[in-house]
Amino acid sequence: MSSSPVPFPAPAQPYGRPPLRTVQVLDGAGADSSAHVRSLATGLAARGVRVTVCAPVEAEGEYDFTGAGAQFAPDAVSAMRAACAGADVVHAHGVRAAVRALLALRGRRVPLVVTWQSGGPAAEGPLGRLGRLLERQVARAAAVVLGASSDQVDLARARGARDARLARPAAPTGPDGAAPGADPGKARAELGAVGRPLVIAIGSLVPHRGYSVLLDAARAWRELEPVPLVVVAGEGPQRAELSRRIEAEGLPVRLLGRRRDAVQLLAAADVAVLPSRWEARSLLAQEALRLGVPLVATAVGGVPELVGDAGVLVPYGDAAALATAVSRLLADPDRRSELAAAGRAQAATWPSEDDTVAQVLSVYDELTERRR
């Protein structure tokens, strides 16, 4: 694909002044960040803001930022530099994205907004020291840091952010986040979960997602009658390792790979699991509660703040606690019904996509007014 951005569409609505120009920078094609940026780009473009998304080409293919009304530019530094040249505000989603944005800006006096996506147990050794150094550099360079959870805001301040604010992003309701219209029975039949419970996890197959702990828990579920089917929708570098364990130990687990219908599969599940070592504002947790799917999750990062009493929380790394929590829910339909109702009620308290766009746009307005 050419590194030249696609021409801007005409603004959908007049902004009142020359259209505000923003650049959204993604590092990688993570589902949570990419879905949030697409939602944000859609809302900003609808308000007459000119949006350029700098991201990997595969993220554009998956999330169709141009279809949301944005320009798209590949995440090569040269393309990012050209995109940032005319920007009023640059918004980086994650610390690594912010480092790339700073390289692209190269001293230009353009306000940098950073959505902080760093946290969890600190890495040790040289890699950990480098990570903390980059976090301090980003925190101090940003005009405003937005944290999806209180612990992220606290961490950004600890790293030197002069203005860090809580900004809870809404769970997107775009193509992959829309309320499912598929028949749950059909989804269960496709997966082979007819007449047996269905437990689902969604997310990249990477170490911090905690899937090794999930497999440890799945050993205990072999003793249940009927044996539940555990499915994991996601792809990543741990696939070979996890597949070997599933086969060697005879675990009732299927790795589905990336699924565009993951939300539809989630809606068909009896229980959703989130065994991660760290999460900020988990998209899986939001979708599960919104759909009324009982959730068992680790009490890490921003999960307790997000879920409240509407899910069952267990310590990270405790396979026995995870196994017990899921087994009890599968055996107790009344408790599952209670959690389904509590999840929908909790989801009703979260900001809408319009709320999220309005908050971000108010930050952009504030920063551009300072420059006038």
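**Helix contacts, enclosed spaces and backbone points**

Reader: Which residues of helix 4 meet helix 5, and what makes them a contact?

Author: In this predicted model, Val-95, Ala-98, Val-99 and Leu-102 of helix 4 meet Leu-134, Glu-135, Gln-137, Val-138 and Ala-141 of helix 5. They are called a contact because heavy atoms lie within 4.5 Å. The helices themselves are DSSP runs of H or I of at least four residues, as strands are runs of E of at least two, numbered from the N terminus. Residues are numbered from 1 along each chain as its sequence is written, and side-chain values use heavy atoms, with hydrogens and water left out. As the model is predicted, local features need pLDDT of at least 70 and side-chain atom pairs count only at pLDDT 80 or more, while totals for chains, interfaces and linings use all residues.

Reader: How are the residues of the contact of helix 4 with helix 5 divided by class?

Author: There are seven nonpolar, one polar and one charged. Ala, Val, Leu, Ile, Met, Phe, Trp, Tyr, Cys and Pro count as nonpolar, Asp, Glu, Lys and Arg as charged, and the others, Gly among them, as polar. Gln-137 is therefore the polar residue and Glu-135 the charged one.

Reader: At what angle do helix 4 and helix 5 pack, and how is that angle defined?

Author: The angle is about 65°, and the axes are 10 Å apart. Axes are lines fitted to C-alpha atoms, for helices over the stretch in contact, and angles run from 0 to 180 degrees between N-to-C directions. The crossing of helix 4 and helix 5 is left-handed; this word applies if the near helix is turned anticlockwise from the far one by less than a right angle, and right-handed if clockwise.

Reader: Why is helix 3 called roughly perpendicular to helix 4?

Author: Helix 3 (residues 77-85) and helix 4 (residues 95-105) pack at about 70°, with their axes 8 Å apart. That value makes helix 3 roughly perpendicular to helix 4, because 65 to 115 degrees counts as roughly perpendicular, under 35 as roughly parallel, over 145 as roughly antiparallel and the rest as oblique. Their crossing is right-handed. Val-77, Met-80, Arg-81 and Cys-84 in helix 3 meet Arg-100, Ala-101, Leu-103, Ala-104 and Leu-105 in helix 4. The division here is seven nonpolar, no polar and two charged.

Reader: What makes helix 8 oblique to helix 13?

Author: The axes of helix 8 (residues 211-221) and helix 13 (residues 319-330) come within 8 Å and cross at roughly 55°. It is this angle that makes helix 8 oblique to helix 13, and the crossing is right-handed. Residues of helix 8, among them Leu-214 and Trp-221, meet residues of helix 13, including Leu-322 and Val-326. By class, this contact has nine nonpolar, one polar and one charged residues.

Reader: How many cavities does the structure have, and why is a space called a cavity?

Author: A search of the whole structure finds four cavities of 30 Å³ or more. On a 1 Å grid over the protein atoms alone, a space is a cavity because a 1.4 Å probe fits but cannot get out, whereas a pocket is an open set with protein on both sides within 12 Å along at least five of seven lines; lining residues have an atom within 4 Å of a point. Grid points are joined across faces, edges and corners, and a volume is the space filled by probe spheres set on the points.

Reader: What lines the largest cavity and the second largest cavity?

Author: The largest cavity, of about 80 Å³, is lined by residues including His-36, His-91, Arg-168 and Thr-356. Helix 15 gives the largest share of this lining, three residues, and the lining has five nonpolar, six polar and one charged residues. The second largest cavity holds about 40 Å³ and is lined by His-36, Ser-39, Leu-40, Ala-170, Glu-353, Thr-356 and Val-357. Helix 1 (31-46) and helix 15 each supply at least two of these residues.

Reader: Why is the phi of Asp-64 singled out?

Author: Most residues other than glycine have a negative phi, and most peptide bonds are trans. Asp-64, although not a glycine, has a positive phi of about 50°; its place is in the loop between helix 2 (57-63) and strand 3 (71-74).

Reader: Which peptide bond is cis, and where does Pro-226 lie?

Author: The bond joining Glu-225 and Pro-226 is cis, with omega about 0°. Pro-226 lies in the loop between helix 8 and strand 9 (229-233).
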